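Thank you all for coming; I would like to take a few minutes to walk through one structure that will be new to most of you. Please have a look at it first, and then I will start with a helix and what lies against it.

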Amino acid sequence: MMRLRSDFWVAAYLRRCAVEGIPAVLRRRGAAEAGAIFIKIDHLNGEASLYGPAPQSLIETDDADRKFILVLERKLSMDVEDKISRELRFDADLWLVEIDMREDRHLLCLSCDKNA
């Protein structure tokens with residue numbers, strides 16, 4: 001099964017966040033077809049969390065949904081920015097969405113969204 005293009009997924013994700021009242025912005029546009037997507041949550045207290053694409057080993061072959069894992073949890077914001085910089089050096093085509101919210105409400109998955 002084909003996976004949804006990154007640009008369509010990000011547009012839909014931003015719209016869903018807006019509908020749910022979650023302040024989210026696109027910080028970096030990546031490759032439209034298949035750029036990796038990262039979600040940074042700024043907890044508004046100097047800390048941030050980062051979610052990124054799950055490794056292929058965790059994705060079933062017939063699964064078209066994007067899966068995310070927690071890359072960094074409640075680290076200093078500058079540490080999260082450093083990680084993003086390293087990811088950009090590795091993959092210049094990545095997308096970056098940022099959410100400003102004290103909670104971990106990100107709508108990426110029901111099992112990992114503590115406020116779902």
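What I would like you to find first is helix α1, whose buried residues are covered by, among others, the strands β1 (24-28), β2 (37-42), β4 (68-76) and β5 (95-100). Please keep in mind throughout that this is a predicted model.

Which residues of α1 are the buried ones? They are Ser6, Asp7, Trp9, Val10, Tyr13 and Cys17, and because they cover an arc of only 160° around the axis, they come to lie on the same side of α1. In general, an α-helix has 3.6 residues a turn, so residues three or four places apart point the same way. If you turn to the other side of α1, you will find Arg15, Ala18 and Val19, which are exposed.

As for the helix itself, α1 runs over residues 6-19, which makes 14 residues, and from its first C-alpha to its last it reaches 20 Å, close to the 20 Å expected at 1.5 Å a residue. Just after α1 comes Gly21, which takes a positive phi of about 75°.

Let me now step back to the chain. It holds two helices and five strands, and along the sequence these follow the pattern α-β-β-β-β-α-β. Of the 116 residues in the chain, 40% are buried, and if we take the contacts between residues at least 6 apart in sequence, 69% of them join residues at least 24 apart.

The other helix I want to mention is α2, residues 77-90, which contains Glu87. Is Glu87 buried or exposed? With a relative accessible area of 19%, Glu87 counts as buried, because the cut-off for that is under 20%. Leaving aside residues up to four places away in sequence, Glu87 touches Phe38 and Leu94, and its C-alpha atom is separated by 9.9 Å from that of Ala36, although the two residues are 51 residues apart along the chain.

Finally, let us turn to the largest pocket, which holds about 190 Å³ of space. Ten residues line this pocket, and those that lie nearest its centre are Trp9, Arg16, Asp65, Arg66 and Leu108; Trp9 we have already met among the buried residues of α1. By character, the lining of the pocket divides into seven nonpolar residues and three charged ones, with no polar residues.

Terms used:
Residues numbered from 1 in each chain as written. Predicted model: local features only at pLDDT ≥ 70, side-chain atom pairs only at ≥ 80, totals over all residues. Heavy atoms only, no water. Helix = DSSP H or I, 4+ residues; strand = E, 2+ residues; numbered from the N terminus. Expected span 1.5 Å × (residues − 1). Buried < 20%, exposed > 50% of the residue type's maximum accessible area, 1.4 Å probe, protein only. Arc of directions from axis to C-beta. Contact = heavy atoms within 4.5 Å. 1 Å grid on protein atoms, 1.4 Å probe; cavity = no way out; pocket = protein on both sides within 12 Å on 5 of 7 lines; lining within 4 Å. Points joined across faces, edges and corners; volume = space filled by probe spheres on them. Nonpolar A, V, L, I, M, F, W, Y, C, P; charged D, E, K, R; others polar.
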